Amino acid sequence: MIEARGLTKRYGPKTAVDGISFTVQPGQVTGFLGPNGAGKSTTMRMIMGLDRPTAGTVTVNGQPYAAHRSPLTEVGALLDAKAVHTGRSAYNHLLAMAATHNIPKTRVQEVIEMTGLQSVAKKRVGGFSLGMGQRLGIASALLGDPKTLILDEPVNGLDPEGVLWVRNLARYLASEGRTVFLSSHLMSEVALTADHIIVIGKGRIIANAPVKDIVDGGAQHTVRVRTPQATQLAELLTRDGATVTSDEPSLLQITGVEAPGIGELAAASGIVLHELTPVTSTLEEAYMLLTADSVEYQTESATQHVGHGVDAPADAPISEGAQR
Ligand SMILES: Nc1ncnc2c1ncn2[C@@H]1O[C@H](COP(=O)(O)OP(=O)(O)OP(=O)(O)O)[C@@H](O)[C@H]1O
């Protein structure tokens with residue numbers, strides 16, 4: 001378990017992490033999500049005792065990292081895969097780590113097999129591809145058989161097979177009762193791997209909830225309706241308190257009333273419908289909405305995506321009823 005309370009990190013005038021509190025539970029995968037520069041790596045470095053908090057505390061399995069007598073058996077981390085690149089072979093790199101941490105030699109072979117490094121274990125790490133480096137970083141994290149795993153962007157640079165492997169490994173480790181905390185800036189990736197999500201933006205926690213709640217909470221339920229009597233239907237719906245927008249004469253986007261209600265209202269008023277489609281925003285859209293105000297480096301296309309959503313253009317309101 002990881003517990004952060006009021007965790008803060010300032011670099012001069014820059015507040016990278018701004019008084020965040022959260023708990024990462026064992027037995028599940030927790031995704032740590034946020035745009036570039038949100039403070040994910042800084043938080044993970046503080047958990048691992050590599051950065052000293054300006055204020056607040058963070059513990060792993062009940063104690064600060066540095067207070068553990070045998071930290072490698074408590075928590076394993078992949079923080080910077082490139083940091084393991086040396087002139088040594090992967091096998092010797094792991095062997096040296098094991099020797100200095102009182103870990104039996106047999107465990108080195110075990111983690112090499114777990115991470116699929118058998119064929120390259122005797123090769124120099126310096127020549128490894130990014131994917132192989134990530135695998136070796138994960139092997140190092142697993143070496144002490146730790147109860148808690150911290151993986152910073154573990155799928156970065158991996159091919160689809162590698163991505164699937166990390167996903168399955170994370171889920172397997174959590175199913176064994178371990179705490180698995182992994183960061184990503186891709187909601188779509190985390191949604192497939194994590195049970196729970198903590199979203200951070202500009203150093204602050206924006207959301208901390210099960211994946212499902214984030215989708216439901218952030219999602220805007222819209223109904224798309226195509227009808228030759230759009231103006232008439234929009235007036236009736238607005239009178240009932242719905243919000244109606246449109247950017248095509250016969251196409252309406254409706255929020256505030258579900259599809260059956262729209263269908264019944266149309267039928268009762270003799271309005272012909274050519275289409276009646278509930279549109280739920282994807283997890284990626286929910287994430288964009290959540291982080292829209294906290295993206296540090298926003299591109300124009302990202303702004304447009306946030307502003308308009310994918311399925312719910314809102315630029316030309318026909319009429320807007322009072323929100324219920
Ligand atoms: N050593 C440092 N000195 C000064 N500023 C720093 C330092 N490390 C991080 N920062 C700043 O703190 C903020 C948070 O950075 P951090 O690397 O934790 O974000 P991140 O969420 O991991 O981003 P990314 O996804 O890009 O890795 C950024 O604005 C970054 O520029």
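These are my notebook entries on a predicted model of a protein with a ligand.

**Entry 1: confidence**

I started with the scores. The protein has an average pLDDT of 85, and 86% of the residues score at least 70. Going element by element, I found the highest mean in strand S1 (residues 2–11), at 97. The lowest mean belongs to helix H12 (residues 300–308), at 33. The pLDDT is below 50 over residues 297–324, and I noted that this stretch still has 46 contacts in the model beyond near neighbours in sequence. For the complex, the predictor gives an ipTM of 0.96 and a pTM of 0.75.

**Entry 2: around the ligand**

Which residues are around the ligand? I listed Tyr-11, Lys-14, Ala-16, Gly-34, then Asn-36 and Gly-37, Ala-38, Gly-39, Lys-40, Ser-41, Thr-42, and finally His-185. Sorted by class, that shell has seven polar, three nonpolar and two charged residues.

I then asked which elements supply at least two residues of the shell. Strand S2 (14–24) and helix H1 (40–47) each do. H1 gives the largest share, three residues. I kept H1 in mind for the sheets.

**Entry 3: the three-stranded sheet**

I looked up the sheet that holds S2. Three strands form an open sheet here, ordered S2-S1-S4, with antiparallel pairing. S2 and strand S4 (55–60) each have a single partner strand, so each has one side without a neighbour in the sheet. On average, neighbouring strands of this sheet are turned by 20° against each other, direction ignored.

Zooming in on one pair, I found S1 and S4 running antiparallel and joined by five bridges. Ile-2 is opposite Val-60 of S4. H1 turns up again: the helix lies across S1, S2 and S4 and runs at about 120° to S1.

**Entry 4: the six-stranded sheet**

Next came the other sheet. It is open too, with six strands in the order S5-S6-S7-S3-S8-S9 and mixed pairing. Why is one side of S5 and of S9 left without a neighbour? Strand S5 (75–78) and strand S9 (204–210) stand at the edges, and each has a single partner strand, so nothing pairs on the remaining side within the sheet. Here the average turn between neighbouring strands is 15°, direction ignored.

H1 packs on this sheet, with contacts to strand S3 (28–33), S6, S7 and strand S8 (196–201). The direction of H1 makes about 150° with that of S6.

I followed the pairing from the S5 edge. S5 and S6 run parallel, joined by four bridges. Strand S6 (residues 148–152) also pairs with strand S7 (residues 179–184) in the parallel sense, over five bridges. Thr-148 shows up in both pairings: Val-75 has Thr-148 as bridge partner in S6, and Thr-148 has Thr-179 as bridge partner in S7.

Are the residues of S5 buried or exposed? Val-75 and Ala-77 point one way, Gly-76 and Leu-78 point the other way, and all are buried. I also checked helix H5 (residues 130–142), which lies across S5 and S6 at about 170° to S5.

**Entry 5: two positive phi values**

Then I went through backbone angles. Most residues other than glycine have a negative phi, so I wrote down two exceptions.

Asn-102 has a positive phi, near 60°. This residue is in the loop between helix H3 (90–100) and helix H4 (105–114). I count Asn-102 as exposed because 10 other C-beta atoms lie within 10 Å, and the cut-off for exposed is 12 or fewer.

Glu-153 also has a positive phi, about 50°. Its loop runs between S6 and helix H6 (160–175). Buried or exposed? Glu-153 is buried, because it has 22 C-beta neighbours inside 10 Å and the cut-off for buried is 20 or more.

**Entry 6: Gly-157**

I stayed in the loop between S6 and H6, where Gly-157 also sits. Gly-157 has 15 C-beta neighbours inside 10 Å, so it counts as partly exposed. Leaving out residues up to four places away in sequence, Gly-157 touches Leu-130, Gly-131 and Gln-134. Last lookup: the C-alpha atoms of Gly-157 and Asp-195 are separated by 23 Å, with the two residues 38 apart along the chain.

Definitions and conventions: Residues are numbered from 1 along each chain as its sequence is written. This is a predicted model: local features need pLDDT of at least 70, side-chain atom pairs count only at pLDDT 80 or more; totals for chains, interfaces and linings use all residues. A residue is near a molecule or strand if its C-beta atom, placed from the backbone, lies within 6 Å of it. Ala, Val, Leu, Ile, Met, Phe, Trp, Tyr, Cys and Pro count as nonpolar, Asp, Glu, Lys and Arg as charged, and the others, Gly among them, as polar. Two strands pair if DSSP finds at least two bridges between them. Axes are lines fitted to C-alpha atoms, for helices over the stretch in contact, and angles run from 0 to 180 degrees between N-to-C directions. Two residues are in contact if their C-beta atoms, placed from the backbone, lie within 7 Å. pLDDT is the predictor's confidence in each residue, from 0 to 100.
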